[in-house]
Amino acid sequence: MADRKGDVLFSGSIDTFFSEMAELARFAGRFFSEGIKPPYEFKEVMNQCYEIGIKSFVLVGITAFILGLVLVMQSRPTMMEFGAGAYLPAMSSISIVREIGPLVTALICAGKIGSGISAELGSMKVTEQIDAMEVSGTNPFKYLVATRILATTLMIPILTVYADFISLIGAFTGSNIKDNVNVNFYINRVFEALHYTDVVPSFTKTFFFGFTIGLVGCTKGYNSQKGTEGVGKAANISVVVAMVGVIIIDMVVTQITSMLGYL
Amino acid sequence: METDVNSIEQKGVAGNEPVIEIAHLRKAFGSKVVLSDFNLTIHKGENLVVMGKSGIGKTILIKCIIGLIKPDGGLLKVFGQDISKLNHRDLDELRTRIGFVFQSSALYDSMTVRQNLEFPLRRHRRQKITGTLDELVREALRNVGLENAIDLMPSELSGGMRKRIGIARSLILRPELVLYDEPTTGLDPITSEEITRLIMELQKKYKTTSIIITHDIDMARETANRIVFLMNGIAYKQGTYEELITDQDTEIKHFFKR
């Protein structure tokens, strides 16, 4: 009895996992097949870039500043112990640009933007607004889904660059709490430490982060069922799936970068 | 029963061209058969009311007509075009000739009333519609008596106002066919009467063909050229309001509470 029950649960989970993956793949395929065909929804893409990107600047900025500050404050004692205090700008800039900036921005956006997209589309679905759009002769996939995926794919890299910059300011501030570091010295050390092999892979992966966050949020929201309860569940699941997706992509990109000899 | 259906369909707006032709339409969700062998023809200028118990498939029927739900089988022609054979583009084009009033009104929450009405106009303005966007939106709102609500958000509207805006939006592209899904559900009797009167006025003004799904017997009496009673997946009975109200069938008598 217990075995049978266990079998059913295991098989159910695998079924669910593969059906979720298939649905994401189907949505991604639809995005590339329908999203690139005219008519283009430029105005809505711009609107979504504003909603997704500009409205996240404050949250991302505050978080990035604090992370940069805390990173330096926590690393400093150990670095000083080894007599490597002069390497703090290099260490912090490489950490921020390669990993902390992109990952933290993506995780914040998976929570804020992914859940927002999912809840918005989910509530539109249960209140028949998506059907209303369709009967008015507008393709809701193009108008609602393709525009949001495109906006997240474009805005997450921009937010990441911004987060990197603010986080470096936070790191500089952290360096100045106990030491007196000259700004020119700090900037010089940062640029000396950073190479294109640090910047290019980490910037490239943010496009994939953005695409994943948009895709997951839209898929979950667009397919949400069972009324308002389903909307809540869709928002919740989209955050979890997007965050796991971002971390998996991060791992894959790091592995590829390592294989190419950039690490 | 079949004889009844055929004979009744010859009445009313006989001579007018058919707008919708439905033959042997089938739709099931898993083991639940909603439409089993549904047959119906609706002619130009006709006001058809579809009645029946809740969950019997009335909304499914009109969603099949507008292509939101794909039937499992049978023939469904709208303006002479087989819905199942249309591609996305042609279906979108056809939909601009059809208005759909949702039970929940389905106004876009993130847009003002003005933007809700402009949305279909910006995308599918047909040549016969002249005037600026603002003029057309204001005229649509005047038609439903809500010109002052132009800059309000849907969340600021009452249930009756939402229905009116929903009707205004569905009519803004001057459709030839309008599908109403329970337009008076959830409204008080006075507002229901106002909505009924509004629908009649707009039908006369724009000379539309209509399918109205309703449980509101007063509305059915006021608006219907013909009433179809949907049961067991088929057009169980059809006739004018007077014919159905005096029908001796047990189900019909029970529905009309006689």
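**Figure 1. Where chain B meets chain A.** In this predicted model, 16 residues of chain B are in contact with 11 residues of chain A. Look for helices α3 (88-95) and α4 (113-123) of chain B here: these are the elements that give two or more residues to the side touching chain A. What kinds of residues make up that side of chain B, nonpolar, polar or charged? There's a mix, with eight nonpolar, four polar and four charged.

**Figure 2. Chain B as a whole.** Zoom out for a moment and you'll find 10 helices and 10 strands in chain B. The radius of gyration of chain B is 18 Å, and the globule rule gives 18 Å for 258 residues, so chain B is as compact as a globular protein of that length. If you drew a box around the C-alpha atoms of chain B along the principal axes, the box would be roughly 50 × 45 × 40 Å. Of the 258 residues in chain B, 42% count as buried. Now take the contacts in chain B between residues at least 6 apart in sequence: 68% of them join residues at least 24 apart.

**Figure 3. The six-stranded sheet of chain B.** This open sheet runs in the order β6-β7-β8-β3-β9-β10 (chain B), and its pairing is mixed. Which strands sit at the edges? They are β6 (98-101) and β10 of chain B, each pairing on one side only. Ignoring direction, neighbouring strands in this sheet are turned by 20° against each other on average.

**Figure 4. Strand β7 and its two partners.** Strand β7 of chain B covers residues 177-181, and five of its five residues are buried. B:Leu177, B:Leu179 and B:Asp181 point one way from the strand, while B:Val178 and B:Tyr180 point the other way. Are these residues buried or exposed? All of them are buried, whichever way they point. One partner of β7(B) is β6(B), and the two pair in the parallel sense over four bridges. To get your bearings, find B:Val101, which stands opposite B:Tyr180 in β7(B). The other partner is strand β8 (residues 209-213) of chain B, which runs parallel to β7(B) and is joined to it by five bridges. Here B:Leu179 has B:Ile211 in β8(B) as its bridge partner.

**Figure 5. The β9-β10 hairpin.** Strand β9 (residues 226-231) of chain B pairs with β10(B) in the antiparallel sense, over five bridges. Two of the cross-strand pairs are handy landmarks. B:Leu230 stands opposite B:Ala235 in β10(B), and B:Met231 has B:Ile234 as its bridge partner. The hairpin has two residues between the strands, and B:Asn232 takes a positive phi near 55° there. Strand β10 (residues 234-239) of chain B is mostly covered, with six of its six residues buried.

**Figure 6. The four-stranded sheet of chain B.** Chain B also has an open sheet of four strands, in the order β2-β1-β4-β5, with antiparallel pairing. Why do β2 (32-43) and β5 (81-82) of chain B each have one side without a neighbour in the sheet? They stand at the edges with a single partner strand each, so one side is left without a neighbour. Elsewhere in this sheet, β1 (residues 18-29) and β4 (residues 73-78) of chain B pair in the antiparallel sense over five bridges. You can spot B:Ala23 standing opposite B:Leu75 in β4(B).

**Figure 7. Two loop residues with positive phi.** B:Ser105 is found in the loop between β6 and α4 of chain B. Its phi is near 70°, a positive value in a residue other than glycine. B:Ser105 is also buried, with 25 other C-beta atoms within 10 Å. Over in chain A, A:Glu128 lies in the loop between α4 (88-126) and α5 (129-135). A:Glu128 has a phi near 65°, again positive and again in a residue other than glycine. Is A:Glu128 buried or exposed? With 20 other C-beta atoms within 10 Å, A:Glu128 is buried.

**Figure 8. The start of chain A, with a caution.** Chain A averages a pLDDT of 90, and 96% of its residues score at least 70. Residues 1-6 of chain A are another story: pLDDT stays under 50 there, and the model gives them zero contacts beyond four places in sequence. Where pLDDT is low, don't read the predicted coordinates in detail.

Key
Residues numbered from 1 in each chain as written. Chains lettered and ligands numbered in written order. Predicted model: local features only at pLDDT ≥ 70, side-chain atom pairs only at ≥ 80, totals over all residues. Pairing = 2+ DSSP bridges. Contact = placed C-beta atoms within 7 Å. Nonpolar A, V, L, I, M, F, W, Y, C, P; charged D, E, K, R; others polar. pLDDT = per-residue confidence, 0-100. Rg over C-alpha atoms; globule rule 2.2 N^0.38 Å. Buried ≥ 20, exposed ≤ 12 C-beta atoms within 10 Å, placed from the backbone. Axes fitted to C-alpha atoms, helices over the stretch in contact; angles between N-to-C directions.
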